[in-house]
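Visitor: Hey, got a minute to go through this structure with me? I'd like to hear about the rings and any odd backbone spots.
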Amino acid sequence: QVQVVESGGGSAQAGGSLRLSCAASGRSFSWSRMGWFRQAPGKEREFVASITWSGASTNLAASVKGRFTISKDNAKNTVHLQMNSLKPEDTAVYYCAAQNTATLRYDYWGQGTQVTVSS
């Protein structure tokens with residue numbers, strides 16, 4: 001069984017920072033890309049950032065470029081989303097998802113972690 005576990009999140013003031021972490025594990029499981037998505041109340045889930053297993057390639061949504069950074073700790077096989085210069089519109093539930101190497105789909109999702117940014 002594959003497990004995707006997020007940690008971090010919480011509350012911050014506008015202009016502040018938070019860091020999210022994500023780890024995926026499972027027997028005979030490998031992931032090709034790890035992504036972060038978010039869903040604000042009343043809105044559809046949207047892509048935030050992703051990184052390849054090697055850590056060599058990253059993608060960031062235009063709305064977070066220059067403020068968020070995604071990285072991978074190879075020793076711990078953990079992905080981090082560093083969120084700086086937070087804005088109230090960053091408030092959402094953030095989900096980590098692992099892209100299955102076999103299907104190239106984001107088949108495995110974490111339970112989500114709340115990020116709240118106050119002005």
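Guide: Sure. One term to start with: a charge sits over a ring if NZ of Lys or CZ of Arg is within 6 Å of the ring centre and within 35 degrees of the ring normal. Keep in mind that this is a predicted model.

Visitor: OK, so what sits over the ring of Trp53?
Guide: The charged end of Lys72, at 4.7 Å from the centre of that ring. Arg45 also lies over a ring face, that of Trp109, 3.9 Å from the ring centre.

Visitor: And how many aromatic pairs are there in the whole structure?
Guide: The search turns up 4. One of them is Phe37 with Tyr106, edge-to-face, with 5.2 Å between centres and 80° between planes. Phe37 is in strand 4 and Tyr106 in strand 10, so this pair ties together parts 69 residues apart in sequence.

Visitor: Is Phe37 buried or exposed?
Guide: Buried, at 11% relative accessible area. Tyr106 is partly exposed at 22%. Phe37 also pairs with Trp109, this time tilted: 4.9 Å centre to centre and 50° between the planes.

Visitor: Which residues do the ring pairs link into a cluster?
Guide: Phe37, Phe47, Tyr106 and Trp109.

Visitor: Switching to backbone: where is Ser85 found?
Guide: In the loop between strand 8 and strand 9. Its phi is near 50°, which is positive even though Ser85 isn't a glycine.

Visitor: What about phi of Leu104?
Guide: Also positive, about 60°, and again not a glycine. Leu104 lies in the loop between strand 9 and strand 10, and counts as exposed at 55% relative accessibility.

Terms used:
Residues are numbered from 1 along each chain as its sequence is written. This is a predicted model: local features need pLDDT of at least 70, side-chain atom pairs count only at pLDDT 80 or more; totals for chains, interfaces and linings use all residues. Side-chain values use heavy atoms; hydrogens and water are left out. Helices (H or I, at least four residues) and strands (E, at least two) are DSSP runs, numbered from the N terminus. Buried means under 20% relative accessible area, exposed over 50%, partly exposed in between (1.4 Å probe, protein chains only). Rings of Phe, Tyr and Trp (its six-membered ring) pair if their centres lie within 6.5 Å; planes under 30 degrees apart count as stacked, over 60 as edge-to-face and the rest as tilted.
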